[in-house]
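Here are some worked exercises to go through with the model open beside you. Try each task before reading its solution.

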Amino acid sequence: AERPWVCMPVMAAPPPSAPGEPAPQPPPPPPLQYSLLLQHLVGDKRQPRVWDPAILGGIPCPPKSEEQKMVERVMESCPFKAALACVGGFVLGGAFGIFTAGIDTNVGFDPKDPYRTPTAKEVLKDMGQRGISYAKNFAIVGAMFSCTECVVESYRGKSDWKNSVISGCITGGAIGFRAGLKAGVIGCGGFAAFSAAVDYYLR
């Protein structure tokens with residue numbers, strides 16, 4: 001017996017690509033839902049949150065009293081900053097002077113009799129004198145720098161790295177000008193560079 005003919009559908013072949021052209025790529029699959037969720041949580045589509053203490057039930061901040069405002073004005077004044085820097089410089093300079101005297105092998109020796117061994121009292125006296133000398137110098141430099149920076153900041157109305165550079169130049173120049181114009185210029189540049197480096201590191 002003869003078999004009946006069955007018609008099968010024939011799929012159309014994709015058009016051939018021109019020679020030298022890459023074959024067409026299939027469309028990318030749609031992104032999964034959890035990837036979209038991650039983009040909104042930790043990705044580029046994350047929105048910043050604004051924390052409002054009133055909404056979270058926080059304690060409202062009471063208005064400042066006149067005494068608190070007066071204390072803030074005193075602490076932000078130039079004389080207070082200069083005095084604080086002076087005290088800090090005195091303590092730091094004294095510690096640095098005692099440290100350098102402790103590692104100096106010539107502390108306590110009498111230049112008139114270098115072969116005589118100094119006593120403990122003479123060594124401590126020499127260390128104290130060096131510590132006081134360093135403390136005074138550091139206190140003067142700290143007070144000058146802090147007061148100058150406060151005045152420059154008040155004049156410019158800005159708080160940036162330029163205040164430290166200008167204050168360092170003025171302080172270094174004032175200290176160096178006692179030894180001449182060249183020493184003043186070197187002191188201005190050195191203090192300005194050091195102030196800029198410290199300000200950049202702290203900021």
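Helices here are DSSP runs of H or I with at least four residues, numbered from the N terminus. With that settled, one thing to keep in mind: the model is predicted.

**Exercise 1. Work out what the chain is built from, and how much of it is buried.**

Step 1: tally the secondary structure, and you get six helices and zero strands. Read from the N terminus, the order is α-α-α-α-α-α.

Step 2: turn to burial. Of the 203 residues, 17% count as buried. The accessible surface comes to about 16900 Å², and carbon and sulfur atoms own 68% of that.

Step 3: check the contacts. Among those with a separation of 6 or more, 54% are between residues 24 or more positions apart.

**Exercise 2. Take the UniProt "transmembrane region" annotation and see what the model does over those spans.**

Step 1: get the ranges. The entry, which is unreviewed, puts the annotation on residues 82–103 and 183–202.

Step 2: take residues 82–103. This span is 95% helix and 0% strand, and its end C-alpha atoms lie 31 Å apart.

Step 3: do likewise for residues 183–202. Here the chain is 100% helix with 0% strand, and the end C-alpha atoms are 28 Å apart.

**Exercise 3. Is D199 buried or exposed, and what does D199 touch?**

Step 1: place the residue. D199 sits in helix α6, which covers residues 181–202.

Step 2: compare its accessibility with the cut-off. Buried means under 20% relative accessible area, and D199 has 10%, so D199 is buried.

Step 3: look for partners. Setting aside neighbours within four places in sequence, D199 is in contact with W161 and S164. With S164 there is also a side-chain to side-chain polar contact at 3.3 Å.

Step 4: look at another residue of α6, A193. A193 is partly exposed, at 48% relative accessible area. Its C-alpha is 7.0 Å from that of V165, although the two residues are 28 apart in sequence.

**Exercise 4. How many salt bridges does the whole structure hold, and what does the one between R130 and D104 link?**

Step 1: search the whole structure, which gives two.

Step 2: take R130 and D104, whose closest N and O atoms are 3.0 Å apart. R130 lies in helix α4 (residues 120–156) and D104 in the loop between α3 and α4, so this pair ties together parts that are 26 residues apart in sequence.

Step 3: check how covered the two ends are. R130 has a relative accessible area of 23%, so R130 is partly exposed. D104 is partly exposed too, at 27%.

Step 4: there's also a salt bridge between the side chains of R156 and D160, at 2.8 Å from N to O. R156 comes out partly exposed, with 26% relative accessibility.

**Exercise 5. Find the nonpolar patch on the surface and say which helix gives the most to it.**

Step 1: list the members. They are M70, V71, V74, M75, F80 and L84, and together they have about 550 Å² of accessible area.

Step 2: sort them by helix. Both α2 (66–75) and α3 (78–102) supply at least two residues. α2 gives the most, with four.

Step 3: zoom in on F80, which belongs to α3. Patch members need over 30% relative accessible area. F80 has 32%, so F80 is partly exposed.

Note on methods
Residues numbered from 1 in each chain as written. Predicted model: local features only at pLDDT ≥ 70, side-chain atom pairs only at ≥ 80, totals over all residues. Heavy atoms only, no water. Patch = residues over 30% accessible without salt bridge, like charges linked within 9 Å, V, L, I, M, F, W, Y side chains within 5 Å. Areas by Shrake-Rupley, 256 points an atom, 1.4 Å probe, with all protein chains shown as cover. Salt bridge = Lys/Arg side-chain N within 4 Å of Asp/Glu carboxyl O. Buried < 20%, exposed > 50% of the residue type's maximum accessible area, 1.4 Å probe, protein only. Polar contact = N/O pair within 3.5 Å; in protein donor to acceptor, adjacent residues only side chain to side chain. Contact = heavy atoms within 4.5 Å. UniProt positions renumbered as here; feature names shortened; annotations may be inferred.
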